[in-house]
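Let's take a walk through this model, starting with one helix and then moving on to the pockets. Keep the 3D view open as you read.

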Amino acid sequence: MLILETRGLKKIYGTGETQVKAVDGIDIQVERGEFLAIVGTSGSGKSTFLNLVGGLDVPTEGEIILDGRALSGFSDDELTIFRRRKIGFIFQQYNLIPMLNVWENIVLPLKMDGKRVDEEYITELTRMLGLKEKLKTTPGKLSGGQQQRVAIARALAIKPAIVLADEPTGNLDSKTSQDVLGLLKVTGERFSQTILMITHNEEIAQLADRILRIEDGRLVQ
């Protein structure tokens, strides 16, 4: 069953000689539960593509269907709510709230949406990510790898239809990167999460079910 489909997706900046085709006609289909790695050189359009899929940017042309809904059919407010409920974001910068402890950071998206916290699910998530003993710790007292695990738990806490990860191990050393990505893959399989991950690391990309290569805004076969 498809969780994501893009049709003729384009994002163009500027006009004339200064025109840049950041995304230039990408058509993909992603199955529910699939782990997809997106690779390509710097400036190839990977992050722009991920931002379009996540509803953080608006395409110049084309269509994005996510979990059976066309993003173009939403108002700004509707898209914000849809994004908050259906998409889990994992960024390289972690974006944790310094004054909140680990548990509070993880459940924050649920609190913001007025949803009940599934404590059993969150506890299992933190156990799998090796955070069970750190729940009352603030981010400043955690290592980079631990902070990234908190960011992963926060993204998975809402039980999203899809997880979008932009260079999630970019600030981590090689061993920690392998550990974090291994855990992301395991939790994805355990909780039937679909994952789209940008990475420049070919070794990490091999953990995915499928690798998508983007160059000059286009898919490279």
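The buried residues of α5 pack against quite a list of partners: β6, α3, α4 (119–128), β7 (162–166) and α6 (174–190). Keep in mind that this is a predicted model. How many of the residues of α5 are buried? The count is 12 of 14, so the helix is largely enclosed by the rest of the structure. Among those buried residues are G145, Q147, Q148, R149 and V150, along with R154 and A157.

You can also check the length of α5 for yourself. At 1.5 Å a residue, its 14 residues should span 20 Å, and the end C-alpha atoms are indeed 20 Å apart, so the two agree. After α5 comes K159, which has a positive phi, near 55°.

Now for the pockets. The largest one has a volume of about 400 Å³. It is lined by 15 residues, and the closest to its centre are R84, I87, F89, P109 and R154. Here α5 (144–157) turns up again: α2 (76–86), β6 (87–90), α3 (102–112) and α5 each supply at least two residues of the lining. By class, that lining has nine nonpolar, three polar and three charged residues.

The second largest pocket comes in at about 210 Å³. Of the 15 residues lining it, V58, P59, L71, S72 and L79 are the closest to its centre. Both β4 (61–66) and α2 supply at least two lining residues here, with β4 giving the most, three. Sorted by class, the lining of this second largest pocket has eight nonpolar, four polar and three charged residues.

How values were computed. Residues numbered from 1 in each chain as written. Predicted model: local features only at pLDDT ≥ 70, side-chain atom pairs only at ≥ 80, totals over all residues. Heavy atoms only, no water. 1 Å grid on protein atoms, 1.4 Å probe; cavity = no way out; pocket = protein on both sides within 12 Å on 5 of 7 lines; lining within 4 Å. Points joined across faces, edges and corners; volume = space filled by probe spheres on them. Helix = DSSP H or I, 4+ residues; strand = E, 2+ residues; numbered from the N terminus. Nonpolar A, V, L, I, M, F, W, Y, C, P; charged D, E, K, R; others polar. Expected span 1.5 Å × (residues − 1). Buried < 20%, exposed > 50% of the residue type's maximum accessible area, 1.4 Å probe, protein only. Contact = heavy atoms within 4.5 Å.
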